[in-house]
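Biologist: Please take a close look at one part of this model, the nonpolar patch on its surface. Then follow the chain inward to what is covered.

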Amino acid sequence: MAGPWWRQCRRWSTSCTGTSLLDTLWYFNGRCVSVSASSLGRTSWSSRPGNERRPSALPTKINTKTLNFTSSLTRHKSRLLDPTLQSCCCRKIHSDAKLKDPFTLANKDLQSLFDDIRKELFVTKEELKSLCDYYFDGKGKAIRPIIVILMARALNIHSNRAGDLLPGQRALAMISEMIHTASLVHDDVIDGSDKRRGKRTINDMWGERKAILAGDLILSAASVLLARIGNNAVVKVMSQVIEDLVRGEFMQLGSKENENERFKHYLEKTFKKTASLIANSCKAVSILVTSDPEVHEIAYQYGKNVGIAFQLVDDVLDFTSGASHLGKPTAADLKLGLATGPVLFACQQFPELHAMIIRRFSSKGDVDRAWQYVLQSDGVQQTNYLAQRYCQEAIRQINRLRPSAERDALIRLTEMVLTRDK
């Protein structure tokens with residue numbers, strides 16, 4: 001790649017051609033793909049019928065070589081992407097005047113999903129039942145089962161079938177939420193968190209030992225449900241998710257002293273802890289409907305790119321949203337010693353952050369100073385821009401499927417990922 005990476009980014013931003021930031025992160029095929037026209041301002045999560053809150057608004061493994069940042073990151077510390085040069089990111093790529101709302105389309109299949117999950121977790125001991133049912137109250141965002149449901153129906157239509165879910169596909173939507181919830185329960189124990197989704201965590205209410213066992217039980221119930229699908233290829237794909245979650249957690253416990261390796265480490269960790277579940281769940285539902293590896297790859301790539309974008313936005317919200325709005329404390333990542341996208345980008349303007357990252361913000365005043373450096377830098381804007389690029393690639397992938405309301409809803413969902421505020 002010729003020339004410093006931010007110069008290439010500026011050239012892409014102004015012309016929507018040429019080399020971009022993500023050329024140093026993955027091979028983008030030299031295409032300019034854009035989100036469909038809509039406001040990129042923050043939106044809230046709106047309600048679907050009932051009391052539940054919902055948002056309103058590749059290769060099977062990461063190629064670590066293409067994820068490598070160049071050494072120019074350290075030679076030039078203050079010249080970042082101009083966040084105002086994003087007009088081409090908003091060009092219309094879809095002919096429909098209004099894309100379908102994903103939560104309206106998925107609502108029918110979501111209505112009894114949490115009830116069915118609670119049935120899978122049937123236990124006779126009352127306290128254990130309370131622990132296992134605690135987060136399956138239908139009040140989370142449910143973004144993972146929604147993506148799986150819409151992807152399954154879009155793939156069914158693409159494969160000349162009826163759009164209704166196959167039983168195994170619906171089971172995978174349940175499994176994706178169960179694995180995700182089990183990982184949250186265990187993460188809260190590791191992080192010592194006392195708040196999740198606006199209420200006390202399981203470990204805060206019942207203690208760490210019982211929380212670990214509850215997470216294990218949820219994961220075991222998901223495994224039993226997965227086995228009942230009876231497809232070895234699906235079992236293999238979803239088993240990869242469990243491995244990635246564990247490896248991603250170990251990556252989060254460590255850090256890289258070499259600043260050139262930090263962003264690669266961060267994106268790999270983000271894939272394993274967040275995007276792998278979405279990517280492999282999408283691939284699994286495709287396996288149930290077609291044997292075409294190209295379709296499997298489309299589903300996987302959509303899930304991977306949306307998943308990474310979702311986490312990038314989540315990392316931004318840790319700096320831009322209030323604790324009452326997020327349902328969890330702000331600056332939580334800094335307090336845990338984690339350097340996320342906004343911090344890593346801010347390092348280019350404030351080299352003082354490097355020493356803080358190495359000591360994991362453990363010295364007195366580190367968290368407050370790092371917070372201020374991020375807000376004074378372009379770190380938030382650059383992380384948002386990176387999330388846009390991942391969403392653009394997700395849209396490019398899903399547009400390869402046959403047109404359908406569900407495919408359009410998946411396009412619309414990428415916009416909601418970018419503009420959510422909690």
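**From surface patch to buried helices**

Modeller: Helix 10, residues 232-253, gives the most to the nonpolar patch, with 3 residues. Keep in mind that this is a predicted model. The patch covers about 410 Å² of surface. Ile190, Val246, Phe250 and Leu253 make it. Take Val246, which lies in helix 10. Its relative accessibility is 44%. Val246 therefore counts as partly exposed, since that class runs between the 20% limit for buried and the 50% limit for exposed.

Now the covered side. Leu113 sits in helix 4, residues 113-120. Its relative accessible area is 0%, so Leu113 is buried. What does Leu113 touch, leaving aside residues up to four places away in sequence? The contacts are Pro145, Ile149, Arg170, Ala173 and Met174. One of these, Met174, is 61 residues from Leu113 along the chain. Yet the C-alpha atoms of Leu113 and Met174 are separated by 6.6 Å.

Helix 4 also serves as cover. It is among the elements over the buried residues of helix 5. Helix 5 spans residues 126-133. Its buried residues are Leu131, Cys132 and Asp133. Their cover also includes helix 8, residues 202-206, and helix 9, residues 208-229.

To recap: Val246 of helix 10 is partly exposed, whereas Leu113 of helix 4 is buried.

Note on methods. Residues are numbered from 1 along each chain as its sequence is written. This is a predicted model: local features need pLDDT of at least 70, side-chain atom pairs count only at pLDDT 80 or more; totals for chains, interfaces and linings use all residues. Side-chain values use heavy atoms; hydrogens and water are left out. Patches are made of residues with over 30% relative accessible area and no salt bridge: like charges are joined within 9 Å, nonpolar side chains (Val, Leu, Ile, Met, Phe, Trp, Tyr) within 5 Å. Accessible areas come from the Shrake-Rupley method with a 1.4 Å probe; for residues, only the protein chains shown count as cover. A salt bridge is a side-chain nitrogen of Lys or Arg within 4 Å of a carboxyl oxygen of Asp or Glu. Helices (H or I, at least four residues) and strands (E, at least two) are DSSP runs, numbered from the N terminus. Buried means under 20% relative accessible area, exposed over 50%, partly exposed in between (1.4 Å probe, protein chains only). Contact means heavy atoms within 4.5 Å.
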